[in-house]
Amino acid sequence: MLFDFGNYYIEPIAANDAWKICDFVVSNADRLKRYFPKTLEQNLNPTLSQVFVDKKIKQYSGKEEFLFKLKEKENRTIIGLVYIKETDWNNKQAELAYCIGYQHEGKGYITQSIKVLSAYAFEHLGLLSLQIIAHKTNLGSVKVARNNGYTWQKTLPKEHTPPGEEALDMELYVLSK
């Protein structure tokens with residue numbers, strides 16, 4: 001266990017997480033389809049989820065990408081995911097991306113998780129700059145960024161294309177050490 005918050009904890013993805021990742025993704029498919037389409041398509045069944053988990057463990061150990069799960073203590077279910085991704089070791093920067101299950105939205109779990117994982121990225125990974133990229137209408141995500149001291153930098157034109165939609169402009173928030 002990396003970080004303990006009483007009723008939930010955060011830890012890196014593990015080999016035995018495939019079924020729980022699949023359950024989380026499938027039960028939150030409507031929430032994930034717009035901003036996490038790749039995570040969704042890679043976890044539509046347990047077999048795909050095992051391939052996903054194996055890949056993420058390899059990326060984690062290779063220091064390419066770091067996937068953390070938020071896990072509820074009582075039921076031991078995965079309630080959210082946080083990625084430290086797009087890691088640029090030359091510039092010591094990375095992007096954080098996150099999602100929470102619909103049952104746990106608005107409880108502060110992601111805000112708290114981003115706080116500790118931002119500190120983790122600075123202190124343990126040696127990064128100097130972190131980014132959050134969010135759509136301006138994703139008010140929860142914007143609030144998480146702002147509540148953690150990330151400051152708006154600029155609009156990124158046509159940064160993200162959700163399935164079946166036109167490319168969206170996204171907002172870039174940055175936190176520096």
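Helices and strands here are DSSP runs, helices of at least four residues and strands of at least two, numbered from the N terminus. The model you are looking at is predicted. Here are some exercises to help you find your way around.

**Exercise 1: Place K92 and K158**

Task: Find where K92 sits, and say whether K92 is buried, partly exposed or exposed.

Solution.
- Step 1. Look for K92 in the loop that joins strand 4 to strand 5 (93-100).
- Step 2. The relative accessibility of K92 is 36%. Buried means under 20% and exposed means over 50%, with partly exposed in between, so K92 counts as partly exposed.
- Step 3. Now check the backbone: phi of K92 is near 50°, a positive value in a residue other than glycine. Most residues other than glycine have a negative phi.
- Step 4. Turn to K158, which is not a glycine but has a positive phi of about 50°. K158 belongs to strand 7 (residues 151-160).
- Step 5. With a relative accessible area of 62%, K158 is exposed.

**Exercise 2: Two helices that cross**

Task: Work out how helix 1 (residues 18-27) and helix 4 (residues 46-61) are oriented to each other.

Solution.
- Step 1. The two helix axes come within 8 Å and cross at roughly 115°.
- Step 2. Angles from 65 to 115 degrees count as roughly perpendicular, so helix 1 is roughly perpendicular to helix 4.
- Step 3. As for handedness, the crossing of helix 1 with helix 4 is right-handed.
- Step 4. Pick out the residues that meet: helix 1 brings A18, W19, I21 and C22, and helix 4 brings P46, S49, Q50, F52 and V53.
- Step 5. Sort the residues of this contact by character: 7 are nonpolar, 2 are polar and none is charged.

For a residue elsewhere on the second of these helices, try V51, which is in helix 4. V51 has a relative accessible area of 55% and is exposed. Its C-alpha atom and that of A29, 22 residues apart along the chain, are separated by 18 Å.

**Exercise 3: Rings that pair**

Task: Classify the aromatic pair of F3 and Y120, then the pair of F36 and Y83.

Solution.
- Step 1. Ring centres must lie within 6.5 Å to pair; by this rule the count comes to 8 aromatic pairs.
- Step 2. For F3 and Y120, the centres are 6.3 Å apart and the planes stand at 90°. Planes over 60 degrees apart count as edge-to-face, and F3 and Y120 form such an edge-to-face pair.
- Step 3. Because F3 lies in strand 1 (residues 3-4) and Y120 in helix 5 (residues 109-123), the pair ties together parts that are 117 residues apart in sequence.
- Step 4. Y120 is buried, at a relative accessible area of 14%.
- Step 5. For F36 and Y83, the ring centres are 6.1 Å apart and the planes are at 25°, so this pair is stacked.
- Step 6. F36 lies in the loop between helix 2 (29-32) and helix 3 (37-41), and Y83 lies in strand 4 (residues 78-88), so the pair ties together parts that are 47 residues apart in sequence. Both F36 and Y83 are buried.
- Step 7. Go back to F3 and Y120 to see their wider setting: together with Y60, F66, F68 and W89 they form one aromatic cluster.

**Exercise 4: Around Y109**

Task: Find which residues Y109 is in contact with, leaving aside its neighbours within four places in sequence.

Solution.
- Step 1. Locate Y109 in helix 5. At 12% relative accessibility, Y109 counts as buried.
- Step 2. Beyond those neighbours, Y109 is in contact with N7, Y8, L70, I79, I100 and H104.
- Step 3. Follow one partner, H104, into the loop between strand 5 and helix 5. H104 is buried, with a relative accessible area of 11%.
- Step 4. Not counting residues up to four places away in sequence, H104 touches E72, I79 and Y109.
- Step 5. Follow another partner, L70, into strand 3 (residues 66-72). L70 counts as buried, at 0% relative accessibility.
- Step 6. Finish with two C-alpha distances: Y109 and G80 are 8.6 Å apart in space and 29 residues apart in sequence, while L70 and C99, 29 residues apart in sequence, are 9.7 Å apart in space.

How values were computed: Residues numbered from 1 in each chain as written. Predicted model: local features only at pLDDT ≥ 70, side-chain atom pairs only at ≥ 80, totals over all residues. Heavy atoms only, no water. Axes fitted to C-alpha atoms, helices over the stretch in contact; angles between N-to-C directions. Parallel < 35°, antiparallel > 145°, perpendicular 65-115°, else oblique. Left-handed = near helix turned anticlockwise from the far one by under 90°. Contact = heavy atoms within 4.5 Å. Nonpolar A, V, L, I, M, F, W, Y, C, P; charged D, E, K, R; others polar. Phe/Tyr/Trp six-rings, centres within 6.5 Å; stacked < 30°, edge-to-face > 60°. Buried < 20%, exposed > 50% of the residue type's maximum accessible area, 1.4 Å probe, protein only.
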